[in-house]
Amino acid sequence: MAAPDVTAPDAQDEIRGRVAGSAPVPLSVLDLATVGAGYTAGDALRTGVALARLAEARGFHRYWVAEHHSMPGVASSSPAVILAHLAAHTRTLRLGSGGVMLPNHAPLVVAEQFGTLEALAPGRVDLGLGRAPGTDGATAAALRRTERLHEGAEEFPQQLAELIRFLDDDFPDGHPYRRIHAVPGPVQGSAPGGVQSAHRPPVWLLGSSMFSARLAAELGLPFAFAHHFAGQHTGPALELYREAFQPSAALSAPYALIGVSVLAAEGAREARRQVTAGALSMLRLRTGRPGLVPAPEEAEAYQFSPLEREFADSWIGNVVHGTPDEVCTGLDDLRKRTGADELMLTTNVHGPEARLRSYELIADAYAMPSAAAADAAGAGA
């Protein structure tokens, strides 16, 4: 029997996305597994599978899931578990974390989880990492079993370096972890009879401020910026990343994607109804009343105070929404303003139908491959 092909994918090919249709840059998906009123977490996760299949069929480049905790309206507390499920329902779509909040976890555990994902879906897994807790301080303390949250954030560069050492299995001689190996991982290829590839998922840094932009630049890593909730910092962060970038074995030139809140509907009024529900959900979260994402009808009937209306309008203003043509114009303009290399779209609304339909409409507007064409190509492969 012939030995398996263990050729590692080119690192930069894995990082740099592909453009589909007339989109200005590669388009990808960020999934928060939002749970609407009247729906269950299982409904949200099944919608994620449907969306991942849609994304794969229509030419979206990658599909990331986020890590959040103690939020009733968000079911994405375990990215690695969700990604394993998505891997079983997709064939070519890149899958990744957007991101794993590294201070919440031991680096060895993350290396083992993503080594397992790489074994399940070789060459199509991304490991996006953040230093925020993905929740409130009390929940972060429960996750980390420590009250030293500020110190945890400051230790992020050291945690990141340790994680990469585990992923590459290259702690130096004399290091206390030299004989500890993340499995699945490269050590299985160096063992007698081993044919395991040394390839591991590319590491991305996520951020909403200057800290991760600078660190990603210094390490020569791809960078993902959370424009969808920190839009006021997008320009300065990307400028810093590009100016400070140092080429590395992973990446010869800077590559930055931005997360963008998006909602396309057949009509502008319906789009506004949907994003208003998302704004009300975020208002409740920010004021200590987290819950399920309300239905558009509930949001329409809600009596916003002047301060609440100001918050909601500001939030809605950062969502690219409207008819498909309006959304495409907004995305094109955003790309021109920021110079982003990739746009990662997130659509957090009440019901699965509106969410799935939004991505379909955007794909249609950009003349991205049809599902039928993708199925035919797959059948002929």
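# Briefing: a buried glutamate, an enclosed strand and two helices

Glu-342 lies in strand β9, which covers residues 342–346. The structure discussed here is a predicted model. The points below begin with the surroundings of Glu-342, move on to strand β7, and then turn to helices α12 and α3.

**Glu-342 and its surroundings**

- Glu-342 has a relative accessible area of 0%, and because buried means under 20%, this residue counts as buried.
- The side chain of Glu-342 makes a polar contact with the side chain of Ser-28 at 2.6 Å, and the side chain of Glu-342 also makes a polar contact with that of Arg-62, at 2.8 Å.
- Leaving aside residues up to four places away in sequence, Glu-342 touches a number of residues, among them Ile-15, Gly-17, Val-25, Pro-26 and His-61.
- The residues that Glu-342 touches also include Ala-256, Leu-257 and Ile-258, and these three belong to strand β7, which is made up of residues 256–264.

**Strand β7 and its partners**

- Nine of the nine residues of β7 are buried, so this strand is largely enclosed by the rest of the structure.
- In a regular strand the side chains alternate between the two faces of the sheet.
- In β7, Ala-256, Ile-258, Val-260, Val-262 and Ala-264 point one way, whereas Leu-257, Gly-259, Ser-261 and Leu-263 point the other way, and all of them are buried.
- Strand β6 (residues 223–225) runs parallel to β7 and is joined to it by three bridges, and Ala-224 has Leu-257 of β7 as its bridge partner.
- Five bridges join β7 to β9, and these two strands run parallel; here Gly-259 has Met-344 of β9 as its bridge partner.
- Strand β8 (residues 320–322) is likewise parallel to β7, with three bridges between them, and Gly-322 in β8 is the bridge partner of Ala-264.

**Helix α12**

- Helix α12 consists of 19 residues, 268–286, and at 1.5 Å a residue it should span 27 Å, which agrees with the 27 Å that separates its end C-alpha atoms.
- After α12 comes Gly-288, a residue whose phi is positive, near 75°.

**Ala-84 in helix α3**

- Ala-84 has its place in helix α3, which covers residues 79–87.
- With a relative accessible area of 28%, Ala-84 is partly exposed, because this value falls between the 20% limit for buried and the 50% limit for exposed.
- Ala-84 touches Leu-117 and Leu-120, when residues up to four places away in sequence are not counted.
- From Ala-84 to Arg-269 there are 185 residues in sequence and 37 Å in space, taken from C-alpha to C-alpha.

Definitions and conventions:
Residues are numbered from 1 along each chain as its sequence is written. This is a predicted model: local features need pLDDT of at least 70, side-chain atom pairs count only at pLDDT 80 or more; totals for chains, interfaces and linings use all residues. Side-chain values use heavy atoms; hydrogens and water are left out. Helices (H or I, at least four residues) and strands (E, at least two) are DSSP runs, numbered from the N terminus. The expected span of a helix is 1.5 Å times one less than its number of residues. Buried means under 20% relative accessible area, exposed over 50%, partly exposed in between (1.4 Å probe, protein chains only). A polar contact is a pair of N or O atoms within 3.5 Å; within protein, one must be able to donate a hydrogen and the other to accept it, and residues adjacent in sequence count only if both atoms are side-chain atoms. Contact means heavy atoms within 4.5 Å. Two strands pair if DSSP finds at least two bridges between them.
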